[in-house]
Amino acid sequence: MTESEYKELAEILFEGEDLKTPEEYEEMYPYRKLGKKAEVTRLAPSPTGFIHLGNLYSALADERAAHAHDGSFFLRIEDTDAKRKVDGALELIIESLGYFGISFDEGAHLPDTDSVNVYAPYTQSERRGIYHTFAKKLVEEGRAYPCFCTEEELEAVRNKQEAAKVLTGYYGEFAVWRDKGLDEIKAKLAAGEPYVLRLRSEGDPEKEFIFKDEIKGEVKLPENITDIVILKKDGIPTYHFAHAVDDHLMRTTLVIRGGEWLASVPVHMELFESLGFKPPKYAHTAHLMKIDPETGGKRKLSKRSDPEMSLSFYKEEGYHPHCIKVYLMTLLNSDFEEWHRNNPDSDLNDFPFSVKKMNNSGALFDMDKLENICKNELSLLDENVIADFLKAWALEYGTDAQKAYFADEEKMLAALRLYMGVGQKRRRKDLVNARQALELMSYLFEDAAAQESDPFRVDEELRKAILQDYLDTFSYTDDNGEWFEKLKEIAERQGFATDRKLYKENPEKFKGETSDVAEVVRVAVTGRANTPDLWGIIHVMGEEKMRDRIAAAM
RNA sequence: GGCCUGUUGGUCAAGUGGUUAAGACGCCGCCCUCUCACGGCGGAAACAGGGGUUCGACUCCCCUACAGGCUACCA
């Protein structure tokens, strides 16, 4: 085809569409005025109605990369695949990420008319005209052409290629519509046959190029040679084409995306080149992995079988979003942990985040580590912050007893102080999440009967004797020291050693030591062998409840 | 099958030709101690395997194994 024929074809293909010119769009969407180190990043999810930990991980990387140097972070909805679209997905994305403190500077969460949304629209299905403008340009320049192959025909070619053990795809001699004449195309068009628009690749199968990934470093890749589809038969762009057009026009500087896209970098490079765009920097991240409990192997975290993959899991279990963020940051940049330890009072966002420091192989999601982080972070948070958090959780997800108890601010704070060790030299680190925290304290608001009890390690007779002695001598007004002295007296009366060294020297002379007596009382009062300071617990639950529970244990 | 990517203790990970191969979680032991938690001290535990290159390889090259990805008119 000649140059004028390309132009004619472009006119026919996009006849009747009121399209702007590429230049007009370039003018409409000027570059942001940003500092030298500032990056523009984006989160570009498909509205599938499901958002998971991997999305959060990725979103946090994007958000940090943008805000580390006053860049911009926007939300674009990639809804070019109608089959995946689910109602309410956008709201879910915004709400879920918002819960973890991720918010966008621009994007699909705001109306197009909002003054910050200068690159609107941010939803791909509303950008059809833009894609067509640039597709038309490619046709005019001979860099794109219509292909009338049916899916069956393509399937047959693929089978043939597989049988012949050659590279599959629409390229070279297999690209049958690549060099058809204008007349033949016109005939098909006149017959109303559906077609896709394909890129006319100029790649050389022999050539490789060095691509510099921000995370992986230099990667050697072959040039793209396949005539990929850029516009599907319904006129909607494929991911590849939309990516090139959108990230250029939205002036994205850094594309952070999953490693599964690395293999399509050659396609993207050719697309940017053919459109005359400067490609953005790319950072391909590894996926979050987990140990498969069945095989023991490392595998990708899957939304189907791993509840901890779902963001709602963390909300329902009552993990504080701050803890999740700290954990994700330690996965993102391994020196974050040390920084955080050395700068406990600094805002998390002051950490010098960099995509270059991201790990290039898949991190294993480690529940143990997460829990450890939760315990540490919660021990650092202000008690009122935690109290508000626990209360909100209890009121939404708690049992009736929990709701009733935590509705009382005084009681809740008292319980919390106990478990956090507020006011002591060091804070305790018992609390992991709200569900576990309330379970830990359950004896404060449940009846003895409603709770499973740890076993007593002394026989029934001795147990009753100890508890009776305890009840007889107990005085609510005793302070912690007096209370413990009485416990030692009971120990002595009941044949226990009150001196640990003495006991260790002659264990056979005693029934045990003071701690064993304390354990009997502890299990009777709380149902647990391990709790924080018993005296403190008694003074939170009150004498009446204490006596009730002991009576139940006798 | 082809093409990419990755592989340091159980886990997360520093490390970029010369290190006693950090640190964190977990685990074990001891101390503290009314139990637990906290805290302190100590311990076991690693460069996937094989060839090169080099005076010298965890670091560079090749092969193998394993894991993951891509190979759609899905993203």
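The surface near RNA strand B divides into 16 nonpolar, twelve polar and 24 charged residues. The structure described here is a predicted model, and the RNA strand is a good place to begin reading it.

Of the 52 residues around RNA strand B, those that come nearest are K232, K369, R428, N530 and T531. On the RNA side, sugar and phosphate make up 68% of the strand B atoms that come within 4 Å of the protein. Individual polar contacts add detail to this picture. The side chain of K216 places a polar atom 3.3 Å from a sugar or linking oxygen of RNA strand B. For E337, an N or O atom of the side chain is 2.8 Å from a sugar or linking oxygen of the RNA. T531, already named among the nearest residues, makes its contact through the backbone: one of its polar backbone atoms is 2.6 Å from a base nitrogen of RNA strand B. Several helices and strands give two or more residues to this surface, namely α6, β5, β7 (217–222), α12 (336–342), α13 (367–380), α19 (480–493) and α21 (514–526).

Two of these elements, α6 and β5, turn up again in the second largest pocket. This pocket has a volume of about 640 Å³, and its lining consists of 23 residues. Nearest its centre lie E151, L154, V196, R198 and V229. The elements that give two or more residues to the lining are α6 (151–163) and β5 (196–199). Helix α6 supplies the largest share, with six residues. By residue class, the pocket lining holds ten nonpolar, five polar and eight charged residues. For comparison, the corresponding division for the surface near RNA strand B is 16 nonpolar, twelve polar and 24 charged.

Attention now turns to a sheet elsewhere in the numbering. Strands of a sheet pair through backbone hydrogen bonds, in either a parallel or an antiparallel way. Here, three strands in the order β1-β2-β3 form an open sheet with parallel pairing. Strands β1 (40–43) and β3 (106–107) are the edge strands, each pairing on one side only. Strand β2, spanning residues 72–75, runs parallel to β3 and is joined to it by two bridges. In one example of this bridging, L75 has G107 of β3 as its partner.

Key: Residues numbered from 1 in each chain as written. Chains lettered and ligands numbered in written order. Predicted model: local features only at pLDDT ≥ 70, side-chain atom pairs only at ≥ 80, totals over all residues. Heavy atoms only, no water. 1 Å grid on protein atoms, 1.4 Å probe; cavity = no way out; pocket = protein on both sides within 12 Å on 5 of 7 lines; lining within 4 Å. Points joined across faces, edges and corners; volume = space filled by probe spheres on them. Helix = DSSP H or I, 4+ residues; strand = E, 2+ residues; numbered from the N terminus. Nonpolar A, V, L, I, M, F, W, Y, C, P; charged D, E, K, R; others polar. Near = heavy atom within 4 Å. Polar contact = N/O pair within 3.5 Å; in protein donor to acceptor, adjacent residues only side chain to side chain. Pairing = 2+ DSSP bridges.
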